[in-house]
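Colleague: I have a new model on screen and would like a close look at one part of it. Please begin with the charged side chains, then work outwards from there.

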Amino acid sequence: MMLIPLARRVLTEADPKVIGKFVYNFGIKGVRSVELYKRRLRRGQSFPPFLFISVISGCQLRCQGCWVDVEAPSKRLSREDLNRIIGDAQAHGNSYFGILGGEPFLHPELLEVFGDHPDCYFQVFTNGQLITDAVARELRRLGNVTPLVSLEGTEAVSDVRRGRLNVFSKSLAGLEQCRRHKLLIGVATSVCQSNIDDLVTEAWLRRLIAMGVHYVWFHTYRVIGPHASPELALRPEQVVAVRRFIVRMRARLPIAIVDAYWDDRGEALCPMATGVSHHISPYGDVEPCPIIQFARETVRDRDSLFDTMTQSTFLQEFRETAARTTRGCIVLERPDLVRDLVVRHGARDTTQRGTALAELERLERRTSQHNPGQEVPEDHWAYRFAKKHWFFGFGAYT
Ligand code: SF4
């Protein structure tokens with residue numbers, strides 16, 4: 001039974017303010033935001049309870065499979081932009097925000113933005129290298145932020161995967177600052193051919209527990225972007241093996257394991273297709289999801305982001321086409337349909353490099369998290385309950 005040891009870990013390792021903000025701003029208000037989302041859906045309005053915002057395009061790393069314009073001049077959303085986006089979403093009951101980049105901690109006003117919204121909860125997808133003693137100390141004082149540090153392999157693999165030297169040790173140094181300052185800490189991995197044997201193991205999870213990590217998020221490597229490295233993609237049986245591992249470890253170890261690809265019965269889902277999340281680019285574009293770098297609208301089109309998103313026929317048709325086509329990832333499985341949607345709507349390529357359409361046209365069809373007949377249902381009652389009520393298809397897959 002892993003819940004009690006996990007709770008004991010959090011209560012003894014994390015700061016009480018950090019725990020309080022997690023329980024209230026993320027837990028209680030997060031559930032409320034999903035209930036409000038369900039109510040909106042019944043009224044035919046789709047505005048996601050979980051917004052993912054890329055606050056800056058710049059990054060100090062050069063990862064294989066990265067779709068962000070890291071080689072172009074760094075651009076960012078201003079503090080005013082961010083406060084307006086967050087404020088508008090909050091006005092409709094949202095409290096959780098996923099903060100992406102580039103590398104979010106390169107944004108000079110990020111900590112101020114967190115401070116501007118003490119009643120919200122921010123999960124920062126970071127490589128951890130800029131989490132200094134001072135940054136971690138401030139995150140503890142704020143209490144409403146959880147760093148999700150990406151680790152993509154052992155030392156040697158990390159340097160290749162991330163296109164720089166000593167990446168693993170620098171990220172671990174950031175993790176150690178988070179542990180010292182009693183934060184709630186996560187580690188994310190895009191599981192691929194070069195790290196699946198090292199990181200999808202019980203030994204690795206036990207190492208993370210020893211390092212003070214409270215939760216992990218195993219993504220599946222997406223073959224996308226200007227340096228897509230298709231050789232890193234997982235085979236279908238490996239995706240199913242990762243799913244089995246996740247379900248098994250959830251009932252075994254005192255560490256939480258997040259996923260955004262499967263419901264309580266083990267049926268695949270796409271967070272974009274269900275409308276549970278959409279993405280704001282570093283340039284303010286309103287995109288279906290982070291890897292679909294095309295848009296018709298921006299956050300500056302109207303005063304209300306809510307109006308922009310609920311009235312977007314581009315987003316609506318993307319959700320419906322994806323849900324009609326697969327329970328998995330339409331970008332991986334049917335890049336041709338993504339291209340057709342983009343062309344039909346006359347959507348803009350939102351990248352600075354301007355090659356997103358050509359990249360899409362180069363993609364081959366491949367499988368994703370949807371492997372019919374290989375569903376692995378949740379084993380642990382807590383995950384089954386949470387997914388059954390707050391993370392499922394929301395009627396998208398009829
Ligand atoms: S389209 Fe693919 S990458 Fe985008 S949210 Fe859906 S599953 Fe994830």
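Which residues are linked in a network of salt bridges?

Modeller: First, a caution: this is a predicted model. The network you ask about links Arg-243, Arg-250, Asp-259, Glu-378 and Lys-387 through salt bridges. That network belongs to a wider picture, as the structure holds 30 salt bridges.

Take three single pairs next. Glu-202 and Arg-206 meet through their side chains in a salt bridge, at 2.7 Å from N to O. Both lie in helix α9, which covers residues 202-210. They are four residues apart, about one turn of that helix. Arg-206 has 46% relative accessibility, so Arg-206 counts as partly exposed; the cut-off for exposed is over 50%.

The second pair reaches between two elements. The side chains of Arg-365 and Asp-336 form a salt bridge of 3.4 Å, N to O. Arg-365 sits in the loop between α15 (356-362) and α16 (381-390), while Asp-336 is in helix α14 (residues 335-345), so this pair ties together parts 29 residues apart in sequence. How open are the two ends? Arg-365 has a relative accessible area of 55%, so Arg-365 is exposed. Asp-336 has 27%, so Asp-336 is partly exposed.

The third pair also involves helix α14. Glu-361 forms a salt bridge with Arg-339, and their closest N and O atoms are 2.6 Å apart. Glu-361 lies in helix α15 and Arg-339 in helix α14, so the contact ties together parts that are 22 residues apart in sequence. At 45% relative accessibility, Glu-361 counts as partly exposed. Arg-339 is partly exposed too, with a relative accessible area of 29%.

Some charges gather without salt bridges. Arg-32, Arg-39, Arg-42 and Arg-43 make up a patch of positive charge on the surface. One of them, Arg-43, is in the loop between α2 and β1 (50-54). Its relative accessibility is 56%, so Arg-43 counts as exposed.

One more acidic residue deserves a look. Glu-109 is in the loop between β2 (96-100) and α4 (110-116). Its 26% relative accessibility is why Glu-109 counts as partly exposed. Glu-109 and Ser-78 are 31 residues apart in sequence, and their C-alpha atoms are 8.1 Å apart in space.

Now the nonpolar surface. Phe-22, Val-23, Tyr-24, Phe-26 and Ile-28 form a nonpolar patch there. Together they have about 450 Å² of accessible area. Phe-22 is found in helix α2. At 32% relative accessibility, Phe-22 counts as partly exposed.

From that patch we can move to the aromatic rings. Phe-22 and Phe-26 also belong to a cluster linked by ring pairs. The cluster takes in Phe-50, Phe-52, Tyr-96, Tyr-121, Phe-125 and Trp-217 as well. Over the whole structure, a search finds 17 aromatic pairs.

Look at Phe-26 with Tyr-121. Their ring centres are 5.7 Å apart and their planes stand at 50 degrees, so the pair is tilted. Phe-26 lies in helix α2 (residues 16-42) and Tyr-121 in strand β3 (residues 121-126), so the two rings tie together parts 95 residues apart in sequence. What about access? Phe-26 has 32% relative accessibility, so Phe-26 counts as partly exposed. Tyr-121 has a relative accessible area of 1%, so Tyr-121 is buried.

Compare that with a pair inside one helix. Phe-314 and Phe-318 form an edge-to-face aromatic pair. Their centres are 5.2 Å apart, with 80 degrees between the planes. Both residues lie in helix α12 (residues 313-325). They are four residues apart, about one turn of the helix. Phe-314 has 0% relative accessibility, so Phe-314 counts as buried. Phe-318 is buried as well, with a relative accessible area of 0%.

Back to your starting point, then. The network runs through Arg-243, Arg-250, Asp-259, Glu-378 and Lys-387.

Methods: Residues are numbered from 1 along each chain as its sequence is written. This is a predicted model: local features need pLDDT of at least 70, side-chain atom pairs count only at pLDDT 80 or more; totals for chains, interfaces and linings use all residues. Side-chain values use heavy atoms; hydrogens and water are left out. Rings of Phe, Tyr and Trp (its six-membered ring) pair if their centres lie within 6.5 Å; planes under 30 degrees apart count as stacked, over 60 as edge-to-face and the rest as tilted. Helices (H or I, at least four residues) and strands (E, at least two) are DSSP runs, numbered from the N terminus. Buried means under 20% relative accessible area, exposed over 50%, partly exposed in between (1.4 Å probe, protein chains only). Patches are made of residues with over 30% relative accessible area and no salt bridge: like charges are joined within 9 Å, nonpolar side chains (Val, Leu, Ile, Met, Phe, Trp, Tyr) within 5 Å. Accessible areas come from the Shrake-Rupley method with a 1.4 Å probe; for residues, only the protein chains shown count as cover. A salt bridge is a side-chain nitrogen of Lys or Arg within 4 Å of a carboxyl oxygen of Asp or Glu. Lys and Arg count as positive and Asp and Glu as negative; His and the chain ends are not counted. The place of a charge is taken as NZ of Lys, CZ of Arg, CG of Asp or CD of Glu.
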